[in-house]
Amino acid sequence: MPLLLPSSLYGLARPFLFGFDPEHAHEITLDGLARTQNTPLACAYAAARVEDPIQLAGLSFPNRVGLAAGLDKNARCIDAFAAMGFGFVEVGTVTPKGQPGNPKPRMFRLPQRDALINRLGFNNEGLDAFLANVQKARFRKQAGGGKSPMLLGLNIGKNAATPIERAVDDYLACLDGVYPHADYVTINISSPNTANLRSLQSDEALDALLGAVAERREALAKRHGKRAPLFVKIAPDLDDAQVAVIAATLQRHGMDGVIATNTTLARDAVAGLPHAQEAGGLSGAPVREASNRVIAQLRAALGKDFPIIGVGGILSAADAKAKIAAGADVVQIYTGLIYRGPGLVRETAQALQQDRRRA
Ligand SMILES: Cc1cc2nc3c(=O)[nH]c(=O)nc-3n(C[C@H](O)[C@H](O)[C@H](O)COP(=O)(O)O)c2cc1C
């Protein structure tokens, strides 16, 4: 696929998009991607994928840069993101039933710090619509020339209306639905915008959830004749002791990887800036340090072979390298894509490829 300067094109598009309220800009962008994917117009953002394969959790990742969950909650634009050169794309979070999320406005830019605050609250169209979109995606059929297809992660959560004591039911319902279509499944227990969700990260709750999920995976593996890896996505707002307990629980239940991290509740890095006091999760540059700290703790606790997907505050190739240095095997990007555009995908994937060649 031709590389048509996605960075400079994004340089033109960004002031236009930033002229809109952030959620509106997001909708315009996703609508544009959904309409243009798999058409010649996709050349506006398409880039040749960097081929830098890595084996992780039994999967072959074509390169080490992925799209983080939450940008394409309804899985409408998978082929567009595949065209940007991502090695893997994670869509969702999906919940069993569709739900509107929190009242608007619920997404804010903090451009002075390359950051966003969001309290969307898992707004999504629900599992059935999500699966219909996933099944329409063509990226697997399009991978040719002996290249391995991009990997697809499906990220699952709970409905706001489901009491936290019944959260397991929602995760199992989603797991049943997404399992046959996923290269990997992410159990998201770290959004700050669904009441009490993060309490699922604590000892007994996590033990019960992961026990149930692991048991269901065995049944699904038999039924579908494939063993999809399970990743658990955690928050950056955890102390050393909490990270240690989570690490032990992941290993005890045979989880295949951990995604670190989600957005942060901390505000010190943005104190005094417009919107800094909005409720929700802070992403982008200000979450980078906390995310890297959690990754380093996880690596120390989990040993060298346990897969860690690093996410939080990657806005440059250097940031991606720092995540790998902290202990991540592969990385994901969300806020960086908003501030830097799709050129960031190739830039980071290339830098990580060069690092590996040098090593
Ligand atoms: C607007 C917005 C919505 C998000 N929604 C989700 C979500 O639905 N599920 C999820 O697991 N993470 C979600 N995230 C978290 C991101 O996947 C990522 O973990 C976090 O933003 C840190 O990475 P970044 O600094 O590159 O954005 C969301 C982030 C943003 C900014």
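Angles under 35 degrees between helix axes count here as roughly parallel. Keep that cut-off in mind for the first part; and note that this is a predicted model.

First, the helix pair. Helix α9 covers residues 288–302, and helix α10 covers residues 317–326. Their axes come within 8 Å and cross at roughly 25°. The two helices are therefore roughly parallel to each other. On the α9 side, the contact is made by Arg 288, Asn 292, Ile 295 and Ala 296. On the α10 side, it is made by Asp 319, Ala 322, Lys 323 and Ala 326. By class, the residues of this contact divide into 4 nonpolar, 1 polar and 3 charged.

Second, helix α7, residues 203–224. With 22 residues at 1.5 Å a residue, α7 should span 32 Å, and its end C-alpha atoms are 31 Å apart, so the two values agree.

Which residues of α7 are buried? They are Leu 206, Leu 209, Leu 210, Val 213, Arg 217 and Leu 220. Seen down the axis of α7, these buried residues fall within an arc of 90°, so they line one face of the helix. The general background is that an α-helix has 3.6 residues a turn, so residues three or four places apart point the same way.

What covers that buried set includes two helices, α6 (167–178) and α8 (240–252), and two strands, β10 (184–188) and β11 (230–234). On the other side of α7, the exposed residues are Glu 204, Glu 215, Glu 218, Ala 219 and Lys 222.

Last, the end of α7. The helix is followed by Gly 225, which has a positive phi, near 65°.

Conventions: Residues numbered from 1 in each chain as written. Predicted model: local features only at pLDDT ≥ 70, side-chain atom pairs only at ≥ 80, totals over all residues. Axes fitted to C-alpha atoms, helices over the stretch in contact; angles between N-to-C directions. Helix = DSSP H or I, 4+ residues; strand = E, 2+ residues; numbered from the N terminus. Parallel < 35°, antiparallel > 145°, perpendicular 65-115°, else oblique. Contact = placed C-beta atoms within 7 Å. Nonpolar A, V, L, I, M, F, W, Y, C, P; charged D, E, K, R; others polar. Expected span 1.5 Å × (residues − 1). Buried ≥ 20, exposed ≤ 12 C-beta atoms within 10 Å, placed from the backbone. Arc of directions from axis to C-beta.
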